[in-house]
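Here are a few short exercises to work through with the model open beside you. Try each one before reading on.

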Amino acid sequence: MSVFERKREYCECFDTFAKLANTLRRSTLNCKVFIAGHSERLKKLLCDSCVFGIFLRLFRTLKLMDRVKAITESFELPSTLVAREFGVGKKKAAMLFHPDMTDELILRSVLRACVAANKCSGYEELLREILAVSEAEISDDSKAAQKILSGDAVIFLDGASGCIVVNAKKWDKRAVMEPPTETVVRGPREGFVEDFKTNVTLIEKRLRTRKLAVEKLNIGREGNTAVAVLYVGGIAKKELVKDVISKIKALDIDAISDSHYLVPCLEGRPNSIFPQVGTAEKPDVVASKLLEGRVAVIVDGSPIALTVPFLLIENFHSGEDYYERASFATFLRVLRIIAISLAIFLPGLYVADLTYHYEVVPLKLLITVLNALKGIPLPPMWEILFILLLFEIIREASIRMPKSLGTAMSIVGALVLGDTAVKAGIISSPGVMIIALSSIALYTAPALVGTSSLLRVLFTLIGGLGGLYGLILGVTVLIFYLSSLNSMGAPCLAPFAPLIKNDLKDGIVRRQLLSLGTRPEALGSPNKRRLRW
Amino acid sequence: MVETEKRISTAQLFTVIFILGMGLKILMLPVLMLKVVGRDSVLGLAGMGVLELLCLGAMLAAVMLSPEKSFFDMTVELVGKAAAKIIFAFLSAFFFFKLLLLVGEVRVFFSENLLQNFSSTVYSLPLCGLCVVMGMGTLRAIGRTSQFLFPFIAVAMLCLFVFIGMGVDYSEIFPLGDYGFKSTFTNSFKHSMWFGDYSSLVAVIGSVRRTKHTATAGVIAGIIASLTVIFYMLGLTASFSNVCYLLRFGQNVTGMSHYALGDVMQGRLDVMLFCMWIVSVLVEAGFYSFTTVSCLEKVIPVKKELLSLSAGVLLFAVLLLWQSTSDLQAFAINYFSVPAAVFQIAVPVFAIIVTAVARRREKKKRGKTCGEYRTLQTETANTQCDVKSEGAECEAE
């Protein structure tokens with residue numbers, strides 16, 4: 001074979017090699033194996049050590065550039081990423097990163113460490129150099145693009161498969177502070193933030209046990225949002241953990257912006273107005289729930305953690321209950337239950353009594369109310385519904401409008417509008433009082449505000465149309481509905497229906513902490529005892 | 001086999017029995033009986049109550065004997081599928097009629113006490129809706145509902161007890177035996193439709209998580225329910241026995257307690273209490289609806305939701321056609337007393353027979369399996385011995 005022919009063959013081989021490498025985007029070894037298995041001619045050529053060396057060098061050069069190019073071109077706008085080529089000892093390397101999401105200082109120090117390395121035979125050696133300046137790990141090629149999008153920098157080494165992922169994330173995050181919805185007088189004030197790692201760390205800080213498991217998942221085709229499923233091994237029921245993970249994994253969605261996107265997946269009845277998944281903004285609350293045998297879910301970008309199973313009684317519990325005296329905590333819980341009952345049923349009861357059952361109201365009270373109702377053009381049901389509508393509009397507007405206007409609007413809404421309407425004789429003062437009391441009472445259980453608001457309107461309508469008869473029927477149906485509701489296998493009405501005596505210690509009544517020796521039975525934890533005294 | 005998670009607990013069975021035992025009886029029965037047998041209605045009620053407790057005992061025995069199978073499966077094993085379907089068709093018809101009576105009485109009760117200007121159609125519709133919803137549900141949900149509501153019902157009843165107990169002169173129940181015992185029991189027997197509520201426990205056979213206290217708890221619930229009914233009967237007799245003609249529907253509870261309270265300035269507290277108590281009657285209606293639909297489901301194998309909806313529509317239609325509850329009650333007294341009595345006794349007896357036979361068969365089957373297992377074990381043990389001895393012999397050699 002002439003030199004020319006051999007050269008031609010080499011060139012043909014090289015083309016095939018390049019095409020294959022481009023198509024497969026695999027490591028050199030994989031390409032070699034692939035080619036060895038598929039092309040007899042190439043196999044013959046590869047046997048020639050001299051030719052093999054030339055090929056390998058050519059391929060490796062091509063491979064490095066090709067890998068970088070492949071990743072860059074996989075982006076809709078390739079200029080989004082920045083690639084830096086540099087030498088590590090005698091080898092070539094390339095670093096790929098997203099400039100807006102990475103810390104320049106970390107990148108510089110990593111580059112400096114890499115360049116300073118005299119010798120580099122592979123990723124392990126390079127990793128040792130990098131680890132001195134930053135957090136890093138060896139990863140697969142396939143994960144490179146995803147890691148870059150998470151704010152990491154990726155280093156490819158010429159002639160070696162895989163890559164090094166350098167943690168160079170840099171984005172602004174909120175400081176850990178007290179959450180606005182779960183403020184406490186006593187107890188920890190730390191709250192979750194939008195940063196995933198911070199949130200997980202806040203829990204890990206409280207549960208320093210090897211049994212704490214943090215299973216990380218990536219959810220969302222486009223968003224690739226990090227989701228962590230947390231549980232304490234041996235305390236959380238295995239089936240429950242499995243169920244939660246499988247339900248989250250089954251979600252095929254573009255992206256999840258908040259943990260609430262996962263709520264319908266975890267609920268048995270997503271159309272129900274009652275929450276079957278708990279939410280918490282405080283790591284101490286989540287940690288204690290994990291210790292009860294629950295599973296928590298944390299989503300990157302969300303300051304709200306989800307907990308399952310979630311029982312109805314939890315709506316009336318507060319994290320602070322456990323930092324107060326048992327008797328006072330019990331009093332507060334009873335108060336919350338009364339308040340929510342008032343919030344839901346009081347408008348309906350008022351309408352029912354004034355429409356159909358005057359005799360139920362004590363005589364003196366009835367006379368006072370009837371005097372106030374004199375001249376009101378609307379019947380009680382429409383009057384209450386009108387005030388409810390006014391209240392909901394004011395509430396919605398005060399949440400959405402700029403804070404500087406909030407106070408002024410509150411004055412206009414509550415004083416001017418309310419007072420003027422009463423003076424004008426459109427609505428009555430008992431009606432305003434009933435709705436005001438009901439609305440204030442609504443916020444004693446913040447997690448139930450939405451549900452209670454809807455129920456309040458519903459029971460007002462029922463009370464107006466069917467009187468006490470309607471209300472009783474409505475309550476019976478409501479209790480029946482709640483009885484059939486489960487949260488990840490745990491009955492929502494536990495520990496009352498089914499009656500679980502042990503769990504009553506931390507139901508409405510909160511016994512002193514030392515007597516709460518067992519975990520809630522409703523959650524079915526395999527490890528029942530949590531305290532010995 | 002019924003799954004463990006879907007069964008009701010002993011505590012839930014207790015509340016269900018208590019509600020079944022007193023719901024329908026307190027509602028109208030005292031008024032109806034007082035009109036017919038006057039003061040002797042207490043005796044009649046006590047007699048019928050004893051008979052009913054015996055039926056409850058039989059039903060509880062069936063519950064305890066049942067080998068964790070549904071009642072229908074056991075019936076099929078005993079009499080065959082066709083016969084079982086016929087039996088269940090009868091059961092569903094019987095429970096539907098009881099439901100009809102109950103809903104009719106609730107309608108009247110509300111119209112007498114709360115909304116006097118409403119038409120009966122308006123009353124019937126939400127009640128039928130409730131029956132449809134609860135008919136679609138599960139036994140576990142009904143058990144939990146009754147368990148959750150039980151404390152409220154108990155508190156309401158205790159308050160009514162106190163009000164009535166304080167305000168009624170119980171010496172008015174005497175003299176007893178004016179009508180003669182025969183006449184009393186004959187007239188009481190005519191009200192059989194208001195008894196036999198425990199026969200609906202066929203729906204729970206095989207679906208109770210049994211403990212050693214299950215039967216005792218059931219019996220106690222039945223006794224408390226019977227005593228409660230008798231107490232109201234005593235209160236009503238003491239209040240109105242001399243002026244029976246004044247009695248109207250719905251006066252048995254509210255009338256008595258209002259009369260006992262007698263203070264208009266405080267408002268009608270009794271109405272609020274009776275509103276809490278009446279929930280038990282609604283739960284009973286739901287239980288009947290569930291039982292009717294469960295029995296019907298075995299006869300017509302279609303979706304439970306569809307059956308429940310159909311039963312609800314039928315109930316509404318019948319209530320529309322049969323607008324007078326007095327006519328409904330008269331029908332039950334005049335034409336349905338004998339079938340109701342037969343049903344009341346036949347259902348528990350049949351339940352015991354079915355469960356006893358099923359249990360014996362299960363035991364036999366288990367014995368057979370155990371025998372086979374033991375034989376197998378012995379054979380294996382023998383073989384092992386042989387092998388061992390052979391091994392030992394070999395070793396000796």
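**Exercise 1.** Find how many contacts beyond four places in sequence the model has for residues 24-29 of chain A, and decide how to read that stretch.

*Solution.* This is a predicted model, so start with confidence. Over residues 24-29 of chain A, pLDDT stays under 50, and the model has 13 contacts beyond four places in sequence for them. Where pLDDT is low, the predicted coordinates should not be read in detail. Next, set this against the chain: the average pLDDT of chain A is 85, with 88% of the residues scoring at least 70. Helix H2 (residues 28-38) of chain A has the lowest confidence, a mean of 49, while strand S9 (residues 295-299) of chain A has the highest, 96.

**Exercise 2.** Locate the cis peptide bonds that lead into Pro309(A) and Pro495(A).

*Solution.* Begin with Val308(A) to Pro309(A), where omega is near -5°. Pro309(A) sits in the loop that links strand S10 (305-308) and helix H12 (326-355) of chain A. Then go to Ala494(A) and Pro495(A), with omega about 10°; Pro495(A) belongs to the segment after strand S12 (490-491) of chain A.

**Exercise 3.** Is Met488(A), with its positive phi, buried or exposed? Do likewise for Asn224(A).

*Solution.* Phi of Met488(A) is near 50°, and the residue lies in the loop between strands S11 (486-487) and S12 of chain A. Count neighbours: 22 other C-beta atoms lie within 10 Å, so Met488(A) is buried, the cut-off being 20 or more. Asn224(A), with phi of about 45°, falls in the loop between strands S6 (212-219) and S7 (225-232) of chain A. Its count is 15 other C-beta atoms within 10 Å, so Asn224(A) is partly exposed.

Definitions and conventions: Residues are numbered from 1 along each chain as its sequence is written. Chains are lettered from A and ligands numbered from 1 in the order in which they are written. This is a predicted model: local features need pLDDT of at least 70, side-chain atom pairs count only at pLDDT 80 or more; totals for chains, interfaces and linings use all residues. pLDDT is the predictor's confidence in each residue, from 0 to 100. Helices (H or I, at least four residues) and strands (E, at least two) are DSSP runs, numbered from the N terminus. Two residues are in contact if their C-beta atoms, placed from the backbone, lie within 7 Å. A residue is buried if 20 or more other C-beta atoms lie within 10 Å of its own, exposed if 12 or fewer, and partly exposed in between; C-beta atoms are placed from the backbone.
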